[in-house]
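Q: I'm new to this structure and would like a close look at a single part of it. Could you take me through the inside, and then on to whatever connects with it?

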Amino acid sequence: MSPSEAYRVGTQAFSAGQYERALQHLRGLQHPQALHLAAISAQKLGQNPIAAELFSKASKLAPRDPNIANNYGHFYLASQDLAAAKSQFESALRTAPNLPAALIGLAKIDASKKDWGAAHAAWSKVLAASPGSAVGQYGLATALLETGKAEEAAPLFKAMLEQRSAPEPMFMLGRALLEQDRLTEAEACFKQSYEKAPTEHALRNLANVIWMRGEAEQFFALIEDAPQSLRAIAIRLIMESGDVDRAEHAWQAAYGDTAADKSAWLLKAALAREMQNADALAAASDKALEHAPNDLAALDLRIVADLMSGQPEAALKRITPLRKAYPNAQHWLAHEFIAHRLLGTNSPLLDIERFVRAYDLEAPEGFENMDHFNAELATTLKQLHGFQARPLNQSLRGTGTQTTRSLTDHKHPVIEAYIRALDAPIQQYLADIGRDPSHPTAARNQGRYQFAGMWSVHLRGQGFHEKHVHPEGWISSAYYISVPPETETSPARAGWIGFGAPSYTVSPDTPELKWIAPQPGRLVLFPSFMWHGTNPIHDQAERLTAPFDLIP
C-alpha cells in the first residue's frame, strides 16, 4: 500500500473511531499529521509509550503546528507531567494565541496544583477566547469558590444548571451555598447530586451535612442505603461518626475474608488504628502495600504500626525517603517527631519551648479593651455556627460545632480587625523562632506568611479536640475568645491544650511535653506538624476559639 493510500485508509479509520486500524496504517508514515493521528490513536488505546514516541516525532516534523502541540500537552497532562504539558500548551499558544483547548490545558494545570488565583485568571482567558465554553464556565466558578468567593460562584453554577441539570454543578452549587450558611438549600443540592450520580464525594458531603444537623438516625439510614460501589466510603463515614465497632462489623460484612483490593485493606488498617491494635494495623497496611507498594496512605499507616509496636528505627527507615520526596508534608514530620521521642535522640524537632509559644493580643483599634473586642467577636462568630454537631472528618469530639467557611472570606469588620490584630504576634513568633535550616519550620521562615485557612470552634460540655496535626499548614494556632471558668480551677486541666503526644498509643508512653492554659485573648502558635489536643471541658460553659493555619 502506497503512503498516500495508507494515509487515506488511516484517517478514515481514525474518523470512524477504529483506532487500532488507524494506528496500524499511520504510525510508519513520515508525515506530521499522520503521526499526530497515530499518537492520539495509541493514547486512546492505552498504549502510552507508543503515543509518547509518536507525539515526539510529529512535533519534531511540525514544531509550529498548534494542534499537535496542544494534543501533546493534553497527553502530558493526563500523565501528570505538568511541566512538559505547560511547555506544549505555551508552544501551541505562540502560534495560535486564542486556541481554547490550549488555554483550557493551562487552566487545568493551575487547578491541579490548587493555585486557585492563577486558575481564576487562566479560566478568565478561556472564556475571553470562547465565551460559551461550558468547561471554562465550570472552571471559573470553581476557582471563584476555592478563592472564597462563594457569592460570585453560586450564580454561575445556577446558570449552568438552567442549561443542563447535571450532578457536578449541582454538587458545587451545594458547596457554594454551604459556605454561605444556606444549610437547607445546600443539603437539597447535595441530595439531588447524589441521587443523579452516587459518587464518593457526593455521599460524603450529604452525609456530613445531615450529621452536623444532628440527625444521627437519618445519617445512618443514608449510609445503610449506600450502593455497593460506595461501601468503602460508607464504612469510613461510620468510623468517623465514632462508632468504630459498628464500622468494624460493616467491614466484616462487606469484605470478610474476601478483601482483595487496596481500598479494602486501607479501610481495615484505618479501623485497626482507631482501635489502637498495632498487630492488626501492621497486617492490614502490609496487605494494602502488596497491592500498591508506593501508596502514601498505606505507608502512613504502616509507619504508625511501627511506632505503636515500639520499632522507631523501622519507622524512620520508611520516613526518610518520604521526607526527601515531600519535605513540607507535615504528617511525615509528625511521625518523625514521635520516632525521635522513642529513640531519645536530640532532634531539633523536639525543641518544644522554642517552637510552641503563647502571646496575648492587644485590643485592635476601635475597641476599648480585649473584653470588648472578644465579646464583639464572639457575637459575630456564634452567628456562623449554624449546625448542631461536629463535622465528621475533623479533630473535634464530643459536643461542639465548627464553621464551614474560612473566616478570611467573611467581610465583617470585627473579623477583619481580628486578622489585623494577629499580625504583630505572628511577626514576633517568626522573629522568635528565627531562620534555621536544621528545623523544617524555621527553614521555611522568610519573615512572611499568608493564611491557608481560618475557622471557629464552639465547644460545650464534654467537648474536646483529639490529638492531631495540621497536614496542610506550616504554622498552626489556637486563639481563645471565651473559655469556661473551670479551666482556671480544674486539677485535670480541663480545656487546656497539650503538645507532643500522638493520637496513637506507643511504648514506652509519650505523654504531653507542654501544656498551655487557655485564656481569653491568648494566641498559641506552633509548627503544624506538632501533635496537639485538648482535655474535655465538663461544665455547661462554652469554649469559643478562632484558629488558623499559615503557609509561607
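**Inside the model**

A: The largest nonpolar core has 144 residues, and those with the most contacts inside it are Phe-219, Trp-251, Leu-307 and Phe-499. Keep in mind that this is a predicted model. As a general point, nonpolar side chains tend to be buried together in soluble globular proteins.

Let's pick out Trp-251. Leaving aside its neighbours within four places in sequence, Trp-251 is in contact with Ile-235, Gly-256, Ala-259, Ala-264, Trp-265, Leu-267, Lys-268 and Leu-271. Apart from the largest core lies another one, of 33 residues, which has Leu-422, Tyr-429, Leu-430 and Phe-548 among them.

Now for the helices. Helix H18 (278-291) follows a loop that starts after helix H17 (262-274). H18 has 14 residues and reaches 20 Å from its first C-alpha to its last, close to the 20 Å expected at 1.5 Å a residue. Which of its residues are tucked away? In H18, the buried ones are Ala-278, Leu-281, Ala-282, Ala-284, Ser-285, Ala-288 and Leu-289. The cover over these buried residues of H18 includes H17 and helix H19 (296-308).

The loop between H17 and H18 is worth a pause, as Gln-276 is found there. Gln-276 has a positive phi of about 60° although it is not a glycine. With a relative accessible area of 29%, Gln-276 is partly exposed.

You can find another glutamine with a positive phi elsewhere: Gln-80, whose phi is near 65°. Gln-80 lies in the loop between helix H5 (66-78) and helix H6 (82-95). Is Gln-80 buried or exposed? Gln-80 is exposed, because its relative accessible area is 59% and the cut-off for exposed is over 50%.

One more glutamine to look at is Gln-43, which sits in helix H3 (residues 32-44). Gln-43 counts as partly exposed, at 25% relative accessibility. If you skip residues up to four places away in sequence, Gln-43 touches Asn-48, Ala-51, Phe-55, His-74, Phe-75 and Ala-78. Leu-77 is 34 residues from Gln-43 along the chain, and their C-alpha atoms are separated by 12 Å.

Next, a pocket. The second largest pocket has a volume of about 280 Å³. It is lined by 14 residues, and Ala-134, Gln-137, Tyr-138, Met-160 and Pro-169 lie nearest its centre. Where does the lining come from? Helix H9 (134-146), helix H10 (150-163) and helix H11 (167-179) each supply at least two of its residues. H9 gives the largest share of this lining, with five residues. Sorted by class, the lining of the second largest pocket holds ten nonpolar, two polar and two charged residues.

H10 also holds Ala-154. Ala-154 counts as buried, since its relative accessibility is 4% and buried means under 20%. Its contacts, leaving aside neighbours within four places in sequence, are Leu-173, Ala-176 and Gln-180.

From Ala-154 we can jump to Pro-511. The two are 357 residues apart along the chain, with 47 Å between their C-alpha atoms. Pro-511 belongs to the loop between S8 and S9, and that loop runs between strand S8 (497-499) and strand S9 (514-516). At 40% relative accessibility, Pro-511 counts as partly exposed. Away from its neighbours within four places in sequence, Pro-511 is in contact with Arg-341, Gly-500 and Ala-501. The C-alpha atoms of Pro-511 and Ala-492, which are 19 residues apart along the chain, are separated by 14 Å.

Thr-510 has its place in the loop between S8 and S9 too. Thr-510 counts as buried, at 5% relative accessibility. Not counting residues up to four places away in sequence, Thr-510 touches Arg-341, Leu-342, Gly-500, Ala-501 and Pro-502. So what do Thr-510 and Pro-511 have in common? Arg-341, Gly-500 and Ala-501 are contacts of both Thr-510 and Pro-511.

One last detail of that loop is Pro-508, which lies between S8 and S9. The peptide bond from Ser-507 to Pro-508 is cis, with omega near 0°.

Notes. Residues numbered from 1 in each chain as written. Predicted model: local features only at pLDDT ≥ 70, side-chain atom pairs only at ≥ 80, totals over all residues. Heavy atoms only, no water. Helix = DSSP H or I, 4+ residues; strand = E, 2+ residues; numbered from the N terminus. Buried < 20%, exposed > 50% of the residue type's maximum accessible area, 1.4 Å probe, protein only. 1 Å grid on protein atoms, 1.4 Å probe; cavity = no way out; pocket = protein on both sides within 12 Å on 5 of 7 lines; lining within 4 Å. Points joined across faces, edges and corners; volume = space filled by probe spheres on them. Nonpolar A, V, L, I, M, F, W, Y, C, P; charged D, E, K, R; others polar. Core = buried A, V, L, I, M, F, W, Y, C linked by side-chain atoms within 4.5 Å. Contact = heavy atoms within 4.5 Å. Expected span 1.5 Å × (residues − 1).
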